[in-house]
Amino acid sequence: MLNYRQLHYFWVVAKTGSIVRACEQLNLTPQTISGQISLLEQTYGIALFQRVGRQLELTEAGRQALPYAEQMFQTGNELEAMLRAQPNEQQILFRVGVADVVPKSIVYRLIAPTMELSEPIRITCREDKLERLLADLAIQRLDLVISDSPMPSHLDIKGYSQKLGECGISFFATPALADRYAGDFPQCLHGAPLLIPGAETVVRSRLQRWFAEQQIQPKIIGEFDDSALMQAFGQSGSGIFIAPSVIADEVVRQYGVVLIGQTLAVTESFYAISVERRVKHPGIVAITEGARRELFTDLP
């Protein structure tokens, strides 16, 4: 049976980067920590660390083991917090996975209604690739996944998708860049420097198809899976960038940019994916109802 104390010592050393710093955190001697990790390695016949000069580095086995240990002890911390809470203070745990292509502003506005629930709730958010999040949803490590696409049909995972909303896209640029490419929209985008979402996003292919239909050829200078990073480059004047129209006013205020134009011919959609056909978790209910009531008010 796995010795969790030995695994904990391994995890702390891996996170702190050295046995000395692990000793300070755990208030143990180097001999105790190194001895227990050695016993763990002997049990499974593997090496978890290797010496590279004076540095201690993870082996391939150690790198593979670390995410498992990370998840185990994060779950353990959550369990401890729940057990320590008084009966009248116990929180509802709400574990949300967010596909890394969904704009952070959209995520915040979708989750915000859960903070107004009468029941005390504790939210944990994890960002990752959609397929990895759905795998965790299937084994109930997550309660909900927020994505820009519904449950993929090719995955053998039980899940139900609820469409939270849909909106067009808007184009933004710094005032100086907007002046340089002023003119009728969308023709003003022809030859203009453009920052676009990465290939894994749903909106990317829609955007490219629309450009072809409009006979527009912008100069693509950057592709980003992370919308916040794309907006940061746009704020610097590197190029024109896009964002969902539902957060257009927020983008203008936050990044000091101007709105060049909007289109409903290219849309972005957002989904809540859960294992429940009839949603019961109060956090999921708050998100789905809040999206229709406050964010995507034109959704039928």
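These are my notebook entries on a predicted model.

**Entry: helix α1**

I began with helix α1, residues 4–16. I checked its length against the rise per residue. At 1.5 Å a residue, its 13 residues should span 18 Å. The end C-alpha atoms are 18 Å apart, so the span agrees with expectation.

Next I looked at the start of the helix. Asparagine 3 caps the N-terminal end of α1. One of the side-chain oxygens of asparagine 3 lies 3.1 Å from the backbone nitrogen of arginine 5. Then I looked just past the helix. Glycine 17 follows α1 and takes a positive phi of about 95°.

Which residues of α1 are buried? I listed Gln6, Leu7, Tyr9, Phe10, Trp11, Val12, Val13, Ala14 and Thr16.

**Entry: a nonpolar surface patch**

I then turned to the surface. Met1, Tyr4, Tyr68 and Met72 form a nonpolar patch there. Together they have about 540 Å² of accessible area. I followed up one of these, tyrosine 68, which is found in helix α4, residues 60–84. Its relative accessible area is 57%, and the cut-off for exposed is over 50%, so tyrosine 68 counts as exposed.

**Entry: cysteines**

How many disulfides does a search of the whole structure find? I got 0. I checked the cysteines one at a time. Cysteine 125 is in no disulfide, and the nearest cysteine sulfur belongs to cysteine 167, 20 Å away. A disulfide needs the two sulfur atoms within 2.5 Å, so a distance of 20 Å rules this pair out. Cysteine 167 is in no disulfide either; for this residue the nearest cysteine sulfur is that of cysteine 188, 20 Å away.

I also noted the exposure of two cysteines. Cysteine 125 is exposed, with a relative accessible area of 51%. Cysteine 167 is buried, at 11%.

**Entry: two buried polar side chains**

Is glutamine 231 buried or exposed? At 5% relative accessibility, glutamine 231 counts as buried. I placed this residue in helix α9, residues 227–235. I then looked for a polar partner. The side chains of glutamine 231 and tyrosine 255 are joined by a polar contact of 2.9 Å.

Aspartate 143 was next. I found it in the loop between α6 (130–138) and β5 (144–147). Aspartate 143 is buried, with a relative accessible area of 16%. A polar atom of its side chain lies 2.8 Å from the backbone nitrogen of arginine 95.

**Entry: salt bridges**

I searched the whole structure for salt bridges and found 15. I looked at three of them in detail.

The first I took was aspartate 100 with lysine 129, with the closest N and O atoms 3.0 Å apart. This pair links distant parts of the chain, 29 residues apart. Aspartate 100 sits in the loop between β3 (92–99) and α5 (104–111). Lysine 129 sits in the loop between β4 (121–128) and α6. I compared each partner with the cut-offs. Aspartate 100 is buried, with a relative accessible area of 15%. Lysine 129, at 23% relative accessibility, counts as partly exposed.

Then I took lysine 104 and glutamate 127. Their side chains meet in a salt bridge of 2.9 Å, N to O. Lysine 104 lies in helix α5 and glutamate 127 in strand β4, so the pair ties together parts that are 23 residues apart in sequence. Lysine 104 is partly exposed, with a relative accessible area of 33%. Glutamate 127 is also partly exposed, at 41% relative accessibility.

Last came aspartate 136 and arginine 126. The closest N and O atoms of this salt bridge are 2.1 Å apart. Aspartate 136 is in helix α6 and arginine 126 is in strand β4, 10 residues apart. Aspartate 136 is buried, with a relative accessible area of 10%. Arginine 126 is partly exposed, at 27% relative accessibility.

Which residues share a salt-bridge network with Arg126 and Asp136? I added Asp128, Arg132 and Arg141 to the list. Salt bridges with shared partners join these residues into one network.

Methods. Residues are numbered from 1 along each chain as its sequence is written. This is a predicted model: local features need pLDDT of at least 70, side-chain atom pairs count only at pLDDT 80 or more; totals for chains, interfaces and linings use all residues. Side-chain values use heavy atoms; hydrogens and water are left out. Helices (H or I, at least four residues) and strands (E, at least two) are DSSP runs, numbered from the N terminus. The expected span of a helix is 1.5 Å times one less than its number of residues. Buried means under 20% relative accessible area, exposed over 50%, partly exposed in between (1.4 Å probe, protein chains only). A polar contact is a pair of N or O atoms within 3.5 Å; within protein, one must be able to donate a hydrogen and the other to accept it, and residues adjacent in sequence count only if both atoms are side-chain atoms. Patches are made of residues with over 30% relative accessible area and no salt bridge: like charges are joined within 9 Å, nonpolar side chains (Val, Leu, Ile, Met, Phe, Trp, Tyr) within 5 Å. Accessible areas come from the Shrake-Rupley method with a 1.4 Å probe; for residues, only the protein chains shown count as cover. A salt bridge is a side-chain nitrogen of Lys or Arg within 4 Å of a carboxyl oxygen of Asp or Glu.
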